[in-house]
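Student: I would like to learn how to read the features of a structural model one at a time. Could you take me through some of them, giving the general idea and then the case at hand?

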Amino acid sequence: MTATRAVELPAAHRSGGGTMRRAWPWLRLVAAVGILVALAWRLGADAFLDGLHAVDGRAVAAALGIGLLTTVASAWRWRLIARRLGLPLTLRAAVSDYYRGLLLNAVLPAGVLGDVHRAVNHGRQAGDVGRGVRAVVFERAAGQVVLIALGVAVLVTGSVPVPVDVPALALPAAALVLVAAFGSAKVRRAARTTWADARTGLVNREVLPKVTLLSAAALAGHVALFVVAARAAGADAPLSRLLPLVVLALLVMAVPLNVGGFGPREAFLAVAFGAAGLGAAQGVTTGVVYGVLALISSLPGVLTLFGGPAHRSEQRQVLPERLDQPREHVPALVG
């Protein structure tokens, strides 16, 4: 009886954990919808409808052009890291896969499922899912580090009318360090493996400067698209007042409580634009326009979903995963 009970408890524990993992994307979706409903109740639906009406042909053309530049820069960054880790990846295939990932991120819950698909698919094709996942994690992390550095610079200059606790920004990084240092043996082993690959694929004198430059180029594209959205929404504030708000809005978009990017971004812009004297409704409208333009910029990914002959010929041959490599827990990417 005792032995049976000892076996059943871990199974129940695993079942509860699995239920929570499955429910988490939906909880985030509900939270994002709740934020949008609260904004609509507070400011009215006109702020959202104005954002949809503000998208015109010039804005669409700008979104597609800027989207091409940022996608190529990001895909090139991914290719550099992947090849340093020994994973074959051509620039053409990287751009195609990146477009598909952006589209899936925009239309699926959680906002990162496109990156998960990109990581696992490339890892399987290269015969090493673990390194495929880590290559995408490093690629996205490099872009986030550059964005965070710019965001901290904006906060330190005091050019933002919204009070932000700068020391609190270091809490997530400190938490990760503590988990890696004092976590289980399995966590510490995974951290050592990740750091070893990070030194090979990213944190070295040959790759890091190139990745930083490409990340800066991609970030400049995102900022430019936000400025296009603000102008289309009718915000005529000078760039000196607009750019700090745009940078922090991009940071807020990393909060995992959004649906297709919508949610915290609009809430922050409502507060920030209101504090800057630009109007809370104008901030929401700008966020909606940016969300629509970002979705439009990812639409070339539709072409990659069907994978025509040219695209298929560019795909890597699927190699069997090595028997000696540990199995990766890919859902850890989500969040």
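Student: Which helix gives the largest share of the nonpolar patch?

Tutor: In this model, which is predicted, the largest share comes from helix H13 (residues 301-306), with three residues. The patch as a whole covers about 680 Å² of surface and is made by Val107, Leu108, Leu113, Leu295, Leu299, Val302, Leu305 and Phe306. One of these residues, Leu295, has its place in helix H12, and with a relative accessible area of 35% Leu295 is partly exposed.

Student: How many aromatic pairs does the structure hold, and why is the pair of Phe226 and Tyr290 called stacked?

Tutor: The structure holds two aromatic pairs. The general idea is to look at the distance between ring centres and then at the angle between planes, since planes under 30 degrees apart count as stacked. For Phe226 and Tyr290 the centres are 4.0 Å apart and the planes stand at 10°, so the pair is stacked. This pair links distant parts of the chain, because Phe226 belongs to helix H9 (residues 208-232) and Tyr290 to helix H12 (residues 280-297), with the two positions 64 residues apart.

Student: Are Phe226 and Tyr290 buried or exposed?

Tutor: Burial is read from relative accessible area, and under 20% a residue counts as buried. Phe226, at 1%, is therefore buried, and Tyr290, at 4%, is buried as well.

Student: Which residues of helix H2 are buried, and where do they lie around the axis?

Tutor: In helix H2 (residues 46-53) the buried residues are Ala47, Phe48 and Gly51. Their arc around the axis is only 100°, which puts them on the same side of H2. The face turned away from that buried side carries Asp46 and His53, which are exposed. Gly51 in particular has a relative accessible area of 0%, and its C-alpha atom is separated by 9.3 Å from that of Gly291, although the two are 240 residues apart along the chain.

Student: How many salt bridges does the structure hold, and what does the one between Arg84 and Glu206 tie together?

Tutor: There are nine salt bridges in the structure. In the bridge between Arg84 and Glu206, the closest N and O atoms are 3.0 Å apart. Arg84 lies in helix H3 (residues 57-84) and Glu206 in the loop between helix H8 (185-201) and H9, so the pair ties together parts that are 122 residues apart in sequence. Both partners are partly exposed, Arg84 with a relative accessible area of 32% and Glu206 at 47%.

Student: Where do Arg100 and Asp97 lie?

Tutor: Arg100 and Asp97 both belong to helix H4 (residues 91-107), three residues apart, about one turn of the helix. Their closest N and O atoms are 2.8 Å apart in a salt bridge. Arg100 is buried at 9% relative accessible area, and Asp97 is buried at 2%.

Student: Which residues are joined with Arg118 into one network?

Tutor: A useful starting point is the salt bridge between the side chains of Glu139 and Arg118, at 3.1 Å from N to O. Glu139 lies in helix H6 (residues 129-157) and Arg118 in helix H5 (residues 113-126), so this bridge ties together parts that are 21 residues apart in sequence. Both residues are buried. Through salt bridges that share partners, Arg77, Asp115, Arg118, Glu139 and Arg140 are joined into one network. Arg118 also lies over the face of Trp78, at 4.6 Å from the ring centre.

Notes: Residues numbered from 1 in each chain as written. Predicted model: local features only at pLDDT ≥ 70, side-chain atom pairs only at ≥ 80, totals over all residues. Heavy atoms only, no water. Phe/Tyr/Trp six-rings, centres within 6.5 Å; stacked < 30°, edge-to-face > 60°. Helix = DSSP H or I, 4+ residues; strand = E, 2+ residues; numbered from the N terminus. Buried < 20%, exposed > 50% of the residue type's maximum accessible area, 1.4 Å probe, protein only. Lys NZ or Arg CZ within 6 Å of the ring centre and 35° of its normal. Arc of directions from axis to C-beta. Patch = residues over 30% accessible without salt bridge, like charges linked within 9 Å, V, L, I, M, F, W, Y side chains within 5 Å. Areas by Shrake-Rupley, 256 points an atom, 1.4 Å probe, with all protein chains shown as cover. Salt bridge = Lys/Arg side-chain N within 4 Å of Asp/Glu carboxyl O.
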